[in-house]
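I opened my notebook for a slow walk through this one. Come along and check each entry as you read.

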Amino acid sequence: MTVTLRLLESTDAEAVSALLPDLGYEATAEQVARRLAALREWPDQEAFVADDGGRIVGLCHVQGVRMLNSEGYAEIQALVVSAACRGQGLGGRLVAHARDWAFARGYDRVRLRSGVQREAAHAFYEHLGFAKAKASYAFELRKDRAVGEPPATR
């Protein structure tokens, strides 16, 4: 397998939408293309793919986080390799590419988040040299909710 890493292009949207369910997300090709266009308008963002002769077999999105209270960090927002290509070093190559991107832009740390149930992914990240930094909850406030309004129950 001769896989090259290259920038994600809008023409890759269909292939990327096929990879996203492995991350637990669903998106149409149109949504991926729209999100990529919006992403390209913001600084300190990059998305790239692993391309095996025209077949997209991996994806990585890395984002710089500039902060007032610390030096900030780069965060891998999405990382996925197709099930058929796992175990061949592509995930490590994608992470190394994200790390190099981050360090070249002055970030000293690269972070990622992973659902608590994804134990195999956690082992993979630790194998690459990541260390668990801290546990936290993700809170969100949706556009259709007023501040102070109790969340909807399911």
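My entries cover one glycine, the nonpolar cores and a pocket.

I noted first that this is a predicted model, where local features need pLDDT of at least 70, side-chain atom pairs count only at pLDDT 80 or more, and totals for chains, interfaces and linings use all residues. Residues are numbered from 1 along each chain as its sequence is written, and side-chain values use heavy atoms, with hydrogens and water left out.

**G58.** I found G58 in strand 3 (residues 55-65); strands are DSSP runs of E, at least two residues, and helices are runs of H or I, at least four, both numbered from the N terminus. G58 counts as buried because its relative accessibility is 0% (buried is under 20%, exposed over 50%, partly exposed in between, with a 1.4 Å probe and protein chains only). I listed its contacts (heavy atoms within 4.5 Å): leaving out residues up to four places away in sequence, G58 touches L19, F48, V49, A50, V80, V81 and L94.

**Cores.** I looked up the largest nonpolar core (buried Ala, Val, Leu, Ile, Met, Phe, Trp, Tyr and Cys joined through side-chain atoms within 4.5 Å) and found 22 residues, with C60, V62, I76, L79 and L94 having the most contacts inside it. Helix 3 gives the most to this core, 6 residues. Another core, of 17 residues, lies apart from it, and A13, L19, L20 and A47 are among its members.

**I76.** I saw that I76 touches residues including C60, V62, V95, A98 and F130, not counting those up to four places away in sequence.
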